[in-house]
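The following exchange examines how structural terms are assigned in one model. Each answer sets a value against the criterion that applies.

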Amino acid sequence: MIHSLGVLNWQIYDCISNKHMSDEVIITDEQLQHIRERHSEAYTDVLFYIRAILADPDYIFQDKTVNTGLIVKRIQHKKESAVLVLKIITPDDKKYYKNSVLTCWKITEKRLENYLRNKNIIYRKE
């Protein structure tokens, strides 16, 4: 089953790919199952905030996979950050594919500082 998470703001997400084919972003049951099994610590909290994370990320880091970004948002009440892996669909993909959250996990402030030092920041909230 496919679950719609809304639409992407291309003023933010063009940094991942400006060749996008769709505005909608989804998550599938298979991706939810992966998160539940591999990142159980993130399953409840991150999925509760997933729409807010996509609507207002703090950072986007370039991922090693083309047209994919690491979306990061600080979750204030836990002093942790959520990381979503977002794949943007381009003309190179199958035409029925949609922008998709592939997985997510939580990171500590220390790990976020490491990301900020070592990863390529392609978007930073002003």
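Buried denotes a relative accessible area under 20%, exposed one over 50%, and partly exposed anything in between, with a 1.4 Å probe and protein chains only. The model is predicted, so local features need pLDDT of at least 70 and side-chain atom pairs count only at pLDDT 80 or more, while totals for chains, interfaces and linings use all residues. Residues are numbered from 1 along each chain as its sequence is written, and side-chain values use heavy atoms, with hydrogens and water left out.

Q: Which residues of helix 2 are exposed, and which are buried?
A: Helix 2 spans residues 29-38, and within it Gln31, Leu32 and Ile35 are buried. Glu30, Glu37 and Arg38 are exposed on the other side of helix 2. Helices (H or I, at least four residues) and strands (E, at least two) are DSSP runs, numbered from the N terminus.

Q: What places the buried residues on the same side of helix 2?
A: Gln31, Leu32 and Ile35 cover an arc of only 100° around the axis, which puts them on the same side of helix 2. The arc is that of the directions from the helix axis to the C-beta atoms.

Q: What covers the buried residues of helix 2?
A: The cover includes strand 1 (2-7), strand 2 (24-28), helix 3 (40-55) and strand 6 (99-108).

Q: Why is Ser81 called buried?
A: Ser81, found in strand 5 (residues 80-87), has a relative accessible area of 0% and is therefore buried. Leaving aside neighbours within four places in sequence, Ser81 is in contact (heavy atoms within 4.5 Å) with Val72, Lys73, Arg74, Ile75, Trp105, Lys106, Ile107 and Leu112.

Q: What makes Phe61 and Tyr115 an aromatic pair that is edge-to-face?
A: Rings of Phe, Tyr and Trp (its six-membered ring) pair if their centres lie within 6.5 Å; planes under 30 degrees apart count as stacked, over 60 as edge-to-face and the rest as tilted. The whole structure has 4 aromatic pairs. For Phe61 and Tyr115 the values are 5.7 Å centre to centre and 90° between the planes, which satisfy the edge-to-face criterion. Phe61 lies in strand 3 (residues 59-62) and Tyr115 in helix 4 (residues 109-118), so the pair ties together parts 54 residues apart in sequence. Both Phe61 and Tyr115 are buried, and with Tyr59 they form one aromatic cluster.

Q: How do you know that Lys119 lies over the face of Tyr115?
A: A charge sits over a ring if NZ of Lys or CZ of Arg is within 6 Å of the ring centre and within 35 degrees of the ring normal. Lys119 lies over the face of Tyr115, at 5.0 Å from the ring centre.

Q: How do you know that Cys15 is in no disulfide?
A: A disulfide is a pair of cysteine sulfur atoms within 2.5 Å. The nearest cysteine sulfur to that of Cys15 belongs to Cys104, 19 Å away, so Cys15 is in no disulfide. The structure holds 0 disulfides.

Q: Why does Cys15 count as partly exposed, and why does Cys104 count as buried?
A: Cys15 counts as partly exposed because its relative accessibility is 28%. Cys104 counts as buried because its relative accessibility is 0%.

Q: Why is the contact of Lys98 with Glu24 called a salt bridge?
A: A salt bridge is a side-chain nitrogen of Lys or Arg within 4 Å of a carboxyl oxygen of Asp or Glu. The closest N and O atoms of Lys98 and Glu24 are 2.7 Å apart, so the pair qualifies. Lys98 lies in the loop between strand 5 and strand 6 and Glu24 in strand 2, so the pair ties together parts 74 residues apart in sequence. Lys98 is partly exposed at 34%, and Glu24 is partly exposed at 22%. A search of the whole structure finds 7 salt bridges.

Q: Which residues are linked with Asp56 in a network of salt bridges?
A: Asp56, Asp58, Lys73 and Lys125 are linked in this network. Lys73 forms a salt bridge with Asp56, the closest N and O atoms being 3.2 Å apart, and Lys125 meets Asp56 at 2.8 Å, N to O. Lys125 lies in the segment after strand 7 (121-124) and Asp56 in the loop between helix 3 and strand 3, 69 residues apart.

Q: Is Lys73 buried or exposed?
A: Lys73 is buried, because its relative accessible area is 16%.
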